[in-house]
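Trainee: Could you take a close look at one part of this model with me? I'd also like to see how that part fits into the rest.

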Amino acid sequence: MKFGLQLGVSATDPKQALALVLEAEKLGFDSVWTSEAYGSDAVSPAAWMLARTTRIKAGTAIMQMPARTPAMTAMTAMTLNALSGGRFILGIGPSGPQVVEGWHGVGYGKPLQRTREYIEIVRKIIARAEPLIFSGEHYQIPYKGEGATGLGKPLKSILHGDDSLKIYTAAIAPASIRNAAEIADGMFPIFMNPERFELFQPHLEAGFAKSSGAKSFANFDICPFFPVSLHDDLEQARLPVKQHLALYVGGMGAREKNFYNDYAKRLGYADEAARIQDAFLAGRRKEAAAAVPDQLVDEVALVGPADRIRARMAVWKQAAATRQVDTIILGVNPTAEALRVVAEAAA
């Protein structure tokens, strides 16, 4: 079993964040992950962490595809991978329509098709087999549409990329899971119950089947984000996780298009998901957090005293042994002590 550390969308205290990264590296963690929404970007902190470490990998979970051209993302990934000696992992995702159209000012389009085209272009650039030419629904390279000068020419990257660089995608909906299994090297479920793998397995197998034998559980990495909250008082330990889940299930998207709310329903919490969303969208955030069931928290997070966390780790060790997970990415502001407890429990 491998472990990752999620730093979230920003580092309010850079020194404290770096200390946590260095502790994770010392404990043998495989990776550290950054993210972005509509503030801090994912690339800058990844570069900063790679410059301050020597062994641990750094990945983006996620870089928002509509915010960057595929060529820009390929350039960034190749550069960071080269500068770090092969320690960068590229994680991408479509984000949601509220952020894409409300923040980046571009059309949301068809996220699955965009993901397919995006990954294909990035791989073409890294491979350098020929100058880049691509004609798709979202991207046309060289561009020949409205406003084009006609002077665009197919180009080949000056920098030689590394074909082994992995590309992960965000995926929780059935269609996005199938898409990831077919075209990517791994995926990030935003939260996961290791005892409910049936929510993923058929969709993963369907995607693998479309990959012409290239993909399987043996070479596809499933890397769930997993909140960890160490506290002797169980209710106090659950509280930050409830607040985190309330944000995603209740407010990360419009009422009619919230992927996380839909996922909570598939996990078996349809009524609770509706109550959480109603409260959150009405501005009653404490009520939304209180509506998150204790059972859901216990299923998708490591919470409570050290002994309780160690006991729950047995389920994750079994999931790793059967390739249901590759890397568990610990998040929601874990402490150095929590990282040590988890690492020792997995040993």
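What follows is a question about one helix and then a walk through the chain around that helix. Which residues of helix 14 are buried, and which elements do they pack against?

Mentor: Happy to. Keep in mind that this is a predicted model: local features need pLDDT of at least 70, side-chain atom pairs count only at pLDDT 80 or more, and totals for chains, interfaces and linings use all residues. Residues are numbered from 1 along each chain as its sequence is written, and side-chain values use heavy atoms, with hydrogens and water left out.

Helix 14 runs over residues 336-346, and its buried residues are A338, L339, V341, V342, A343 and A345. Buried means under 20% relative accessible area, exposed means over 50%, and partly exposed is in between (1.4 Å probe, protein chains only). As for why such positions can line up, an α-helix has 3.6 residues a turn, so residues three or four places apart point the same way.

Now the neighbours. The buried residues of helix 14 pack against strand 1 (2-6), helix 1 (14-26) and strand 11 (225-230), as well as strand 12 (302-304), helix 13 (306-321) and strand 13 (327-331). Contact here means heavy atoms within 4.5 Å. Helices (H or I, at least four residues) and strands (E, at least two) are DSSP runs, numbered from the N terminus.

Look next at the loop between strand 13 and helix 14, where N333 lies. N333 has a positive phi of about 55° although it is not a glycine. At 72% relative accessibility, N333 counts as exposed. S95 also has a positive phi without being a glycine, near 60°, and sits in the loop between strand 5 (88-93) and helix 4 (97-102). Most residues other than glycine have a negative phi, and most peptide bonds are trans.

On that second point, the A61 to I62 bond is cis, with omega near 15°, and I62 is in the loop between strand 3 (57-60) and strand 4 (63-64). The bond from I141 to P142 is cis too, with omega near -5°; P142 is placed in the loop between strand 7 (140-141) and strand 8 (167-170).

Stepping back, the chain has 14 helices and 13 strands. Its radius of gyration is 20 Å, close to the 20 Å that the globule rule gives for 347 residues, so the chain is as compact as a globular protein of that length. That radius is taken over C-alpha atoms, and the rule is 2.2 Å times the number of residues to the power 0.38. Of the 347 residues, 51% count as buried. Residues 24 or more positions apart account for 74% of the contacts with a separation of 6 or more.

For contrast with helix 14, try G207 in helix 7 (residues 201-209). G207 is buried, at 0% relative accessible area, and touches R178, A181 and E182, leaving out residues up to four places away in sequence. Leaving out the same sequence neighbours, L90 touches T60, M63, T73, A77, V122, L165, K166, I167 and Y168.
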